[in-house]
Amino acid sequence: MEGVKGKVVIVTGAASGIGREDALKLASEGARVVLTDLNEDHGPAVAREIGKDALFVRHDISSEDDWKRAIATTQDRFGRIDGLVNNAGILLMGSVEDTTLEQWRKVLRVNADGYFLGCKYGVAAMKANGGSIVNMSSVAADGLPFAAAYSASKGAVAALTHSVAVHCRSCGYRIRCNSIHPDGVITPMTLPLMGNPDPATINYAADPTSRFCDPGDVANLVLFLISDESRFINGAQMRISNAY
Ligand SMILES: NC(=O)c1ccc[n+]([C@@H]2O[C@H](COP(=O)([O-])OP(=O)(O)OC[C@H]3O[C@@H](n4cnc5c(N)ncnc54)[C@H](O)[C@@H]3O)[C@@H](O)[C@H]2O)c1
């Protein structure tokens, strides 16, 4: 695949799970990657694993100042931005009855405000030369009864994605924006829900009824959506699920 060679891509939440795999996959295909995260222990280690074509930036996605700094640091280091993977997120379990207003706001601040800011500053940075934005939504965007705030935040991401895609197209920006909606992915976010099994012992790949996939399965789609091979895919909601 020629599509991401030399591209400069920001991946948020790249210290762990899906974001880590996205960064490694993009770099392995020739992209230069800016890994951002709150986690200053694991994030820099992933950037070091990639080497000179990677940079770690400490970044809280819910902070507007942090977004300005992350974009400016990327432009200073690599001179351009071609792609943005809005991936960082938090999960909070709880039905509408169990969730407090404080918890609701905490989840929406990261998972919705953070993606809004990413799209806002990502579009500003890429509108002159074009690019691709990938937003990590979830099947929870349909509304899971046991995760009210998380579901609402992922629904917001899906609607925001379509709004950004149509806006950019109508402005002639050549920026595509698509959302990915995984079902279950085995990461540090979901392992506690499964009783913290050793991931090496999970035989999910051999079980056709399993709802859980590997972070690499998501990273393959991220790679495609950032690449020029997906140049005619815009405003799409792409599920990663074998359930339906
Ligand atoms: N794992 C799943 O089953 C699953 C399913 C659907 C969607 N998703 C989504 O995929 C994305 C990645 O999830 P994951 O499973 O890899 O989780 P993860 O917990 O392994 O990784 C999330 C990363 O985001 C970072 N982060 C959290 N809040 C942040 C903030 N305010 N600013 C910057 N970084 C922050 C964390 O430090 C962590 O490194 C999330 O948006 C999640 O909602 C996950």
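Helices (H or I, at least four residues) and strands (E, at least two) are DSSP runs, numbered from the N terminus. The model used in these exercises is predicted.

**Exercise 1. Overall build**

Task: Find how many helices and strands the protein has, and test its radius of gyration against that of a compact globule.

Solution:
- Step 1. Count the elements. There are six helices and nine strands.
- Step 2. Take the chain length. The protein has 244 residues, so a compact globule would have a radius of gyration near 18 Å.
- Step 3. Compare. The protein has 17 Å, which agrees with that expectation.
- Step 4. Add the extents. Along the principal axes, the C-alpha trace spans about 45 × 35 × 35 Å.

**Exercise 2. Inside, outside and contacts**

Task: State what share of the protein is buried, and what share of its contacts comes from residues 24 or more positions apart.

Solution:
- Step 1. Of the 244 residues, 51% are buried.
- Step 2. Turn to the surface. The accessible surface comes to about 11400 Å². Carbon and sulfur atoms own 51% of that area.
- Step 3. Look at contacts with a separation of 6 or more. Residues 24 or more positions apart account for 69% of them.

**Exercise 3. Charges and salt bridges**

Task: Count the charges and the salt bridges, then describe three of the pairs, beginning with Arg-58 and Glu-40.

Solution:
- Step 1. Recall the principle. Side chains of opposite charge can pair when their charged atoms come close.
- Step 2. Count the charges. The protein has 24 positive and 27 negative charges, and their mean positions are 8 Å apart.
- Step 3. Apply the cut-off. A salt bridge needs a side-chain nitrogen of Lys or Arg within 4 Å of a carboxyl oxygen of Asp or Glu. The count comes to nine salt bridges.
- Step 4. Take Arg-58 and Glu-40. Their side chains form a salt bridge at 3.7 Å, N to O. The pair links distant parts of the chain, 18 residues apart. Arg-58 sits in strand E3 (residues 54-58), and Glu-40 in the loop between strand E2 (32-37) and helix H2 (42-50). Arg-58 counts as partly exposed, because its relative accessibility is 35%.
- Step 5. Widen the view. Glu-40 and Arg-58 belong to a network of salt bridges with Asp-66 and Arg-69.
- Step 6. Take Asp-82 and Arg-80. This salt bridge has an N to O distance of 2.5 Å. Asp-82 is buried, with a relative accessible area of 8%. Arg-80 is partly exposed, at 37% relative accessibility.
- Step 7. Take Asp-142 and Arg-239. Their closest N and O atoms are 3.2 Å apart, in a salt bridge. The partners lie 97 residues apart: Asp-142 is in the loop between strand E5 (131-136) and helix H5 (148-171), and Arg-239 is in strand E9 (residues 237-240). Asp-142 counts as exposed at 56% relative accessibility. Arg-239 is partly exposed at 35%.

**Exercise 4. Positive phi**

Task: Place Arg-174 and Asn-196 in the chain, and give the phi of Arg-174 and of Asn-196.

Solution:
- Step 1. Set the background. Most residues other than glycine have a negative phi.
- Step 2. Check Arg-174. Its phi is positive, near 60°. Arg-174 lies in the loop between H5 and strand E6 (175-182). Arg-174 is exposed, with a relative accessible area of 58%.
- Step 3. Check Asn-196. Its phi is about 55°, also positive, although Asn-196 is not a glycine. The residue is in the loop between strand E7 (184-185) and strand E8 (212-213). Asn-196 is exposed, with a relative accessible area of 54%.

**Exercise 5. Two isoleucines**

Task: Decide whether Ile-18 is buried or exposed, do likewise for Ile-180, and list contacts of Ile-18 and Ile-180.

Solution:
- Step 1. Use the cut-off. Buried means under 20% relative accessible area.
- Step 2. Apply it to Ile-18. This residue of helix H1 (residues 17-28) is buried, with a relative accessible area of 13%.
- Step 3. List its contacts. Beyond four places in sequence, Ile-18 touches Asn-87, Met-136, Val-185, Thr-187, Pro-215 and Val-218.
- Step 4. Apply the cut-off to Ile-180. This residue of strand E6 is buried, at 0% relative accessibility.
- Step 5. List contacts again. Beyond four places in sequence, the partners of Ile-180 include Val-134, Met-136, Val-218, Leu-221 and Ile-240.
- Step 6. Compare sequence with space. Ile-180 and Leu-221 are 41 residues apart in sequence and 8.1 Å apart in space, C-alpha to C-alpha. Ile-18 and Lys-106 are 88 residues apart in sequence and 21 Å apart in space, C-alpha to C-alpha.

Key
Residues numbered from 1 in each chain as written. Predicted model: local features only at pLDDT ≥ 70, side-chain atom pairs only at ≥ 80, totals over all residues. Heavy atoms only, no water. Rg over C-alpha atoms; globule rule 2.2 N^0.38 Å. Buried < 20%, exposed > 50% of the residue type's maximum accessible area, 1.4 Å probe, protein only. Contact = heavy atoms within 4.5 Å. Areas by Shrake-Rupley, 256 points an atom, 1.4 Å probe, with all protein chains shown as cover. Lys, Arg positive; Asp, Glu negative; His and termini not counted. Charge placed at Lys NZ, Arg CZ, Asp CG, Glu CD.
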